[in-house]
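Student: I have a protein structure open and I'm not sure how to read it. Can you walk me through it?

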Amino acid sequence: MNWEAGLSGLSLLCYAVSSVLYHTHLFGGGTSRSSRNAWIWAMAGLAAHTAALGIWCTTHTWSILRDERMPFSLVAYVL
């Protein structure tokens with residue numbers, strides 16, 4: 001397994017746990033602890049998703065970000 005696949009799987013896991021915790025918050029009594037934990041898991045999923053996209057964009061030879069005609073400032077702006 002490579003980094004891209006591992007981080008993609010991790011982001012899906014984090015999003016799934018976040019969803020379960022948020023629905024527990026909505027329908028299971030509305031505790032602030034489950035809401036806070038859902039937010040933490042969602043942010044962890046967002047970080048893993050961003051890292052997976054960054055790895056994908058910098059390692060694939062046919063990515064537009066690796067094209068020598070792409071100006072660096074535009075790449076920095078998009079990232």
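Student: What percentage of the 79 residues of the protein count as buried?

Tutor: Before the number, keep in mind that this is a predicted model. A residue is called buried when its relative accessible area is under 20%. Here, 23% of the 79 residues count as buried.

Student: Okay. How many helices and how many strands are there in the protein?

Tutor: You'll find 3 helices and 0 strands. Going along the sequence, the pattern reads α-α-α.

Student: Now for pairs of helices. At what angle do helix α1 and α2 pack?

Tutor: Start with where they are: α1 covers residues 3-27, and α2 covers residues 32-59. They pack at an angle of about 160 degrees, and their axes are 8 Å apart.

Student: And how do I put that angle into words? Are α1 and α2 roughly parallel or roughly antiparallel to each other?

Tutor: The general idea is a cut-off: an angle over 145 degrees counts as roughly antiparallel. With about 160 degrees between them, α1 and α2 are therefore roughly antiparallel to each other.

Student: Is the crossing of α1 and α2 left-handed or right-handed?

Tutor: That crossing is left-handed.

Student: Can I see the pairing in single residues too? How far apart in space are Gly 6 and Ala 52?

Tutor: Good thing to check. Compare two separations, one along the sequence and one in space. Gly 6 sits in helix α1, and its C-alpha is 8.2 Å from that of Ala 52, although their positions lie 46 residues apart in sequence numbering. Try Val 17, also in α1: Val 17 and Ala 38 are 21 residues apart in sequence and 7.4 Å apart in space, C-alpha to C-alpha. Ala 16, another residue of helix α1, is 22 residues from Ala 38 along the chain, with 9.7 Å between the C-alpha atoms.

Student: Why do Gly 6 and Val 17 count as partly exposed?

Tutor: Partly exposed is the class between under 20% and over 50% relative accessible area. Gly 6 falls there because its relative accessibility is 24%, and Val 17 does so because its value is 25%. Ala 16, at 42%, therefore counts as partly exposed as well.

Student: Last one: which residues form a nonpolar patch on the surface?

Tutor: Look for Trp 39, Ile 40, Met 43 and Leu 46. Together they have about 410 Å² of accessible area. Take Ile 40, which lies in helix α2: because its relative accessible area is 43%, Ile 40 is partly exposed.

How values were computed: Residues numbered from 1 in each chain as written. Predicted model: local features only at pLDDT ≥ 70, side-chain atom pairs only at ≥ 80, totals over all residues. Heavy atoms only, no water. Patch = residues over 30% accessible without salt bridge, like charges linked within 9 Å, V, L, I, M, F, W, Y side chains within 5 Å. Areas by Shrake-Rupley, 256 points an atom, 1.4 Å probe, with all protein chains shown as cover. Salt bridge = Lys/Arg side-chain N within 4 Å of Asp/Glu carboxyl O. Helix = DSSP H or I, 4+ residues; strand = E, 2+ residues; numbered from the N terminus. Buried < 20%, exposed > 50% of the residue type's maximum accessible area, 1.4 Å probe, protein only. Axes fitted to C-alpha atoms, helices over the stretch in contact; angles between N-to-C directions. Parallel < 35°, antiparallel > 145°, perpendicular 65-115°, else oblique. Left-handed = near helix turned anticlockwise from the far one by under 90°.
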